[in-house]
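Work through these exercises with the model open beside you. Try each task before you read its solution.

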Amino acid sequence: MDFEQHDDIDRAVELYHATKVYGSKHTSVVAVNDVSLHVELGEIIVIMGPSGSGKTTLIQLIGALLTPTSGDVIINGRNLNGLSKKELSRIRREEIGFVFQSPNLLSALTAIQNVEVVLNLAGVKGANARYRAEQLLKQMGLGERVNHRPSQLSGGEQQRVAIARALANNPQIILADEPTANLDSKTGHEVIRLLRNIAKEQGKTIIIATHDLRIRDLADRVLWLEDGKISVRWSDGFIIDPVCLMLVNRSSEIVTTYEGKTFHFCTRKCKERFEENPAAYANRGFWEDLNENMH
Ligand SMILES: Nc1ncnc2c1ncn2[C@@H]1O[C@H](COP(=O)(O)OP(=O)(O)OP(=O)(O)O)[C@@H](O)[C@H]1O
Ligand SMILES: [Mg+2]
């Protein structure tokens, strides 16, 4: 075992050398490569990394939507390897809430009915389901919108309904894959803040895969995935390239100064682009906020 064991900590998710290979032989792609990871109860994790780095695959392994090619995935203390299809589907339904990029609400149903459907499937019916659905929508700030259909809701409101639906069966773990990709950044941030507040109140574990840099300040821990491996922790001496917004090592030698500040780049190309119009990149407000909070 290449990392410490802390038997006194309750863990929602444990991965031991989890690997997922798609395809076979010549066409095979190692999407998740020997990842070992512990996520504690109540912890909020953000997974970032370039497109194709394996974020969705990792989320799907944790959510029992994919089976690892090798290694182990342990959810709430149970190893998913060897469980029957029926048991895996029960875990997906009861122990995990999923939030995807698109809310995927049923268009013919109102907000409250969309949440009730999931409760009904888990055996909660009638007035009980209605009451719980209403409470969840209220928590998500949608008390005035319960009888609206998806087409009568904004993108952010629809995503909040999707989160209420993910929370409906009171799962311990919430998995979200690019939940804010279709929202403007302010709305996206608000949606995740709401989710975070609920999770913290109720001690839920949340794992969010995202490209959205602003979400990182809502995380307890940010993991950076590259080529299917967790490469660095956000705070381990890394900084963001202001042009491509990728992480670069602080000791990177490709640097330039502008208005008395030093900027680090991942490639010469980014540096050249910066130097063509430094004001456009250096003054991207959120970039500064991010880097200031890094250490
Ligand atoms: N069903 C599949 N069959 C074959 N290869 C796949 C499949 N799904 C994903 N891949 C490959 O696995 C790698 C990881 O993909 P994945 O979707 O997990 O990345 P990602 O980090 O979520 O990317 P993005 O940020 O674009 O959503 C990529 O190289 C991708 O092409
Ligand atoms: Mg993805």
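**Exercise 1. A charged pair between two helices**

Is Glu116 buried or exposed? Then find its salt-bridge partner and place both residues on the chain.

*Solution.* Keep in mind that this is a predicted model.

Step 1. Glu116 has 11% relative accessibility. Buried means under 20%, so Glu116 counts as buried.

Step 2. The side chain of Glu116 meets that of Arg130 in a salt bridge, 2.9 Å from N to O.

Step 3. Glu116 sits in helix H3 and Arg130 in helix H4, 14 residues apart, and the pair links distant parts of the chain.

Step 4. Check the partner's exposure. Arg130 has a relative accessible area of 38%, so Arg130 is partly exposed.

Step 5. Recall the general idea: side chains of opposite charge can pair when their charged atoms come close.

**Exercise 2. How H3 meets its neighbours**

Describe how H3 packs against H4, then how H3 crosses H5.

*Solution.* Step 1. Start with H4. The axes of H3 and H4 are 9 Å apart, and the packing angle is about 125 degrees. That angle makes H3 oblique to H4.

Step 2. Add the handedness. H3 passes H4 in a right-handed crossing.

Step 3. List some contacts. H3 contributes residues including Ile112, Val115 and Leu119. H4 contributes residues including Ala129, Ala133 and Leu137. Glu116 and Arg130 are also among the contact residues.

Step 4. Turn to H5. The axes of H3 and H5 come within 8 Å and cross at roughly 25 degrees. Therefore H3 is roughly parallel to H5.

Step 5. This crossing of H3 and H5 is right-handed. On the H3 side, Ala111, Asn114, Val115 and Val118 take part. They meet Val161, Ala164 and Arg165 of H5.

**Exercise 3. The nonpolar cores**

How many residues does the largest nonpolar core have, and which of them have the most contacts inside it?

*Solution.* Step 1. Count. The largest core has 42 residues.

Step 2. Pick out those with the most contacts inside the core. They are Val46, Val115, Leu137, Val161, Ile163, Ile206 and Ile208.

Step 3. Ask where the core comes from. Elements giving two or more residues include helices H3, H4 and H6 and strands S3, S7 and S8. H5 gives the most, with 6 residues.

Step 4. Follow one core residue. Beyond its sequence neighbours up to four places away, Ile163 touches Val99, Met140, Val191 and Leu195.

Step 5. Look for another core. A second, separate one has 29 residues, with Val13, Ile47, Ile59 and Leu175 among them.

Step 6. Set this against a general tendency. In soluble globular proteins, nonpolar side chains tend to be buried together.

**Exercise 4. A network of charges**

Which residues are linked with Glu87 in a network of salt bridges?

*Solution.* Step 1. Name the members. Arg78, Glu87, Arg90, Arg93, Glu94 and Glu95 are linked in this network.

Step 2. Take one pair. Glu87 bridges to Arg78, with the closest N and O atoms 2.3 Å apart. Arg78 is partly exposed, with a relative accessible area of 33%.

Step 3. Take another pair. Glu95 bridges to Arg90, with the closest N and O atoms 2.8 Å apart. Glu95 is at 15% relative accessibility, so Glu95 counts as buried. Arg90 is at 21% and counts as partly exposed.

Step 4. Widen the view. The structure holds 14 salt bridges.

**Exercise 5. Two buried residues**

Where are Asn169 and Ile174 found, and what do they touch?

*Solution.* Step 1. Asn169 is in the loop between H5 and S7. With 17% relative accessibility, Asn169 counts as buried.

Step 2. Leave out residues up to four places away in sequence. Asn169 then touches Arg93, Glu94, Val118, Leu119 and Ala122.

Step 3. Move on to strand S7, which holds Ile174. Ile174 has 1% relative accessibility and so counts as buried.

Step 4. Neighbours within four places aside, the contacts of Ile174 include Gly97, Val99, Leu195 and Ile206.

Step 5. Compare sequence with space. Ile174 and Gly63 are 111 residues apart in sequence, yet 9.0 Å apart from C-alpha to C-alpha.

**Exercise 6. The whole chain**

How many helices and strands are there in the chain?

*Solution.* Step 1. The chain has 9 helices and 14 strands.

Step 2. Of its 295 residues, 47% are buried.

Step 3. Consider contacts with a separation of 6 or more. Residues 24 or more positions apart account for 64% of them.

Methods
Residues numbered from 1 in each chain as written. Chains lettered and ligands numbered in written order. Predicted model: local features only at pLDDT ≥ 70, side-chain atom pairs only at ≥ 80, totals over all residues. Heavy atoms only, no water. Core = buried A, V, L, I, M, F, W, Y, C linked by side-chain atoms within 4.5 Å. Buried < 20%, exposed > 50% of the residue type's maximum accessible area, 1.4 Å probe, protein only. Helix = DSSP H or I, 4+ residues; strand = E, 2+ residues; numbered from the N terminus. Contact = heavy atoms within 4.5 Å. Salt bridge = Lys/Arg side-chain N within 4 Å of Asp/Glu carboxyl O. Axes fitted to C-alpha atoms, helices over the stretch in contact; angles between N-to-C directions. Parallel < 35°, antiparallel > 145°, perpendicular 65-115°, else oblique. Left-handed = near helix turned anticlockwise from the far one by under 90°.
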